[in-house]
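Biologist: I have a new model open on my screen, and I'd like to understand the words people use for it. Could you take me through the reasoning behind them?

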Amino acid sequence: MKVAVAGCCHGALDKMYETLELLQRRHNVRPDLLLCCGDFQAVRNEADLRCMAVPAKYRHMQTFYRYYSGEKKAPVLTVFIGGNHEASNHLQELPYGGWVAPNIYYLGYAGVVRFRGVRIGGISGIFKSHDYRKGHFECPPYNQQTIRSAYHVRNIEVFKLKQLKRPIDIFMSHDWPRSIYHYGNKKQLLKMKSFFRQEVESNTLGSPAASELLQHLKPTYWFSAHLHVKFAAFMQHQTNSKEELPKATKFLALDKCLPHRDFLQIIDIEHDPNASDSLEYDAEWIAVLKATNSLINVTQSSWNMPENNGLHAKWDYSVTEEAIKEVLEELNHNLKIPCNFTLTAACYDPSKPQKQVEPVHTINPQTTEFCAQFGLTDINSRIQQAKEEGAGRGKYEDEEEEEEMDSTGSAEEPSEYNTDNSGLSSINPDEIMLDEEGGDEDLSTCSVDPSPDHPPDFSASFSDIRIMPDSMAVSSDDAMDSTNEELEKSGVSKQVEEKSLNERPLKRIAGNENGNSGIKKIKRRNQAIYAAEDEDKTE
């Protein structure tokens, strides 16, 4: 089947679907599935806009609300993960995943589903070390800290995904797995994005949690977005034994959704012709959710997942074939995800703007039904309960609950992942910050404009096969000679970009994690993430 993969959508659903329809008319290419790798921006109304971690001038309604209201319907089944520019209050309603609009499905904080026999997994958000070991405690209305921490990846989601044993066909993350740039045309990447060089050479660009998952899951395909550049890599994994067959992952990062950008990729994926055409639950994933349900944490306490270090009675939460069989029996072997989309908020009405509407914490009926069906904890209900219990104390944490956690996790033991990251500044290099003041320089590189006479090349180029060490160590070959067709196609205006960088150097300062007002905001390398608005006006 044909799968379309898109990078950062930024709410421009009309543009994305129009591009797919154009492909069908001009080249007779009709994808069966669309995947979006974050920054989807499922904004329903003005209150949702206020829950996006961007300066007010970048908060635009875009077109998702038309699909939410039913005015329009997605022409192709769309599955997406969250990024770091989202209506966090909306996505938070669906921690285990669910429909945000008819034919548009969100994978949740982490999730695995099946479509036509193809197993698709993903993890939402971006990595930030100081929030990684916390629970999902945030709820609207957010403050200046929680509006950002709400989309930071948590160790419990990574732990759940690492319990999977069955092969994954496709996996999505918003930020790139750390070190992936050493397995593609790194030289060409740095020509296009020269300001990545310091982080690439110090091996601090990307998510260490995502690279742990890449090493563990070894999916056939891994798709990412976030950095607004198209990049392909090919990783051949080490085998754990002589009997194990070698596995390899084709990695592809996509550009953002803009006119004249090569932001879509069409890939042919082998599928089961006898499998259902409906989106389906994954039985192993449901079994893992049930097995790890006791680990749910909705406090700000930092703690680690169970591991084999002598401190935990249980550390292996992977599931048996019997547990998977039980899930199938519970569902009567009908894995189809119910089409139970429900409106949970008023939809934006251009004729009646509601600028003063405050976001509220909502319990979504889809989540309630899902948790009841599989005996899972409704995270939002637990947060509300903790909020009510802690209202008198002015905080959500319960000391007794923290003591109970010691049987499964501890804040005192060292983390499974290196969340200290001495090579990083106090600000994560992948945390895209937007300064409300100063110029809006566009640091993204435009690709060659599409033309009816030159149909797009739908085959990704994966070159320079390398063996991935367990440590994801930096390759000693810093100047790769391999060519990468996709990067070549997307790279024009390199000299102009580098000249612009020389004229307006990016400044970095050590930021205060608490966000004190006395510290000047840093202007990040991807500050122009929302330059789309200005570009559209000049089209």
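Modeller: Gladly! Let's start with rings: those of Phe, Tyr and Trp, with the six-membered ring used for Trp, pair if their centres lie within 6.5 Å. Searching the whole structure in this way gives 20 aromatic pairs. Please keep in mind that this is a predicted model.

Biologist: What makes Trp 176 and Phe 251 an aromatic pair that is edge-to-face?

Modeller: The centres of Trp 176 and Phe 251 are 5.7 Å apart and their planes make an angle of 65°. The limit for a pair is 6.5 Å, and an angle over 60 degrees counts as edge-to-face, so both conditions are met. Trp 176 belongs to the loop between strand S8 (170–173) and helix H7 (186–192), while Phe 251 belongs to strand S11 (residues 248–253), so the pair ties together parts that are 75 residues apart in sequence. Both residues, Trp 176 and Phe 251, are buried.

Biologist: Why is the pair of Tyr 281 and Phe 370 called tilted?

Modeller: Here the centres are 5.7 Å apart, with 55° between the planes. Stacked needs under 30 degrees and edge-to-face needs over 60, so 55° leaves tilted as the name. Tyr 281 is in strand S13 (residues 279–281) and Phe 370 in helix H12 (residues 365–374), so this pair links distant parts of the chain, 89 residues apart.

Biologist: How do you know whether Tyr 281 is buried or exposed?

Modeller: Buried means under 20% relative accessible area. Tyr 281 has 8%, so Tyr 281 counts as buried. Phe 370, at 7%, is buried too.

Biologist: Which residues do ring pairs link into a cluster?

Modeller: The cluster consists of Phe 40, Phe 64, Tyr 68, Phe 80, Tyr 106 and Phe 341.

Biologist: What makes you say that the charged end of Lys 314 sits over the ring of Tyr 317?

Modeller: The distance from that charged end to the ring centre is 4.4 Å. The cut-off is 6 Å, with a further condition on the angle to the ring normal. Lys 314 is listed as sitting over the ring of Tyr 317.

Biologist: Let's turn to the inside. How many cavities of 30 Å³ or more does a search of the whole structure find?

Modeller: There are eight. The largest has a volume of about 210 Å³. It is lined by 19 residues, and those closest to its centre are Tyr 106, Tyr 109, Ser 124, Ala 150 and Tyr 151. Helix H4 (residues 88–92) gives the largest share of the lining, three residues.

Biologist: Why is Gln 92 called buried?

Modeller: Gln 92 has a relative accessible area of 5%, and the cut-off is 20%, so Gln 92 is buried. Its place is in helix H4. Leaving aside neighbours within four places in sequence, Gln 92 is in contact with Tyr 109, Glu 138, Cys 139, Pro 140, Tyr 142, His 361, Asn 380 and Ile 383.

Biologist: And what makes Ile 180 buried?

Modeller: Its relative accessible area is 0%, so Ile 180 falls under the 20% limit. Ile 180 lies in the loop between S8 and H7. Beyond four places in sequence, the contacts of Ile 180 are Leu 214, Phe 231, Ala 233, Met 235 and Phe 251.

Biologist: What joins Pro 140 and Pro 141?

Modeller: A cis peptide bond, with omega at about 0°. Pro 141 is in the loop between strand S7 (118–123) and helix H5 (146–149). Most peptide bonds are trans, and most residues other than glycine have a negative phi.

Biologist: Which value of phi does Asn 103 have?

Modeller: Asn 103 has a positive phi of about 75°, although it is not a glycine. Asn 103 is in the loop between strand S4 (98–101) and strand S5 (104–106). Asn 332 also has a positive phi, near 55°, and is found in the loop between helix H11 (321–330) and H12.

Biologist: Why is Asn 103 called partly exposed, and what is Asn 332 called?

Modeller: Buried ends at 20% and exposed begins over 50%, so Asn 103, at 23%, counts as partly exposed. Asn 332 has 66%, over the 50% limit, so Asn 332 counts as exposed.

Key
Residues numbered from 1 in each chain as written. Predicted model: local features only at pLDDT ≥ 70, side-chain atom pairs only at ≥ 80, totals over all residues. Heavy atoms only, no water. Helix = DSSP H or I, 4+ residues; strand = E, 2+ residues; numbered from the N terminus. Buried < 20%, exposed > 50% of the residue type's maximum accessible area, 1.4 Å probe, protein only. Lys NZ or Arg CZ within 6 Å of the ring centre and 35° of its normal. 1 Å grid on protein atoms, 1.4 Å probe; cavity = no way out; pocket = protein on both sides within 12 Å on 5 of 7 lines; lining within 4 Å. Points joined across faces, edges and corners; volume = space filled by probe spheres on them. Contact = heavy atoms within 4.5 Å.
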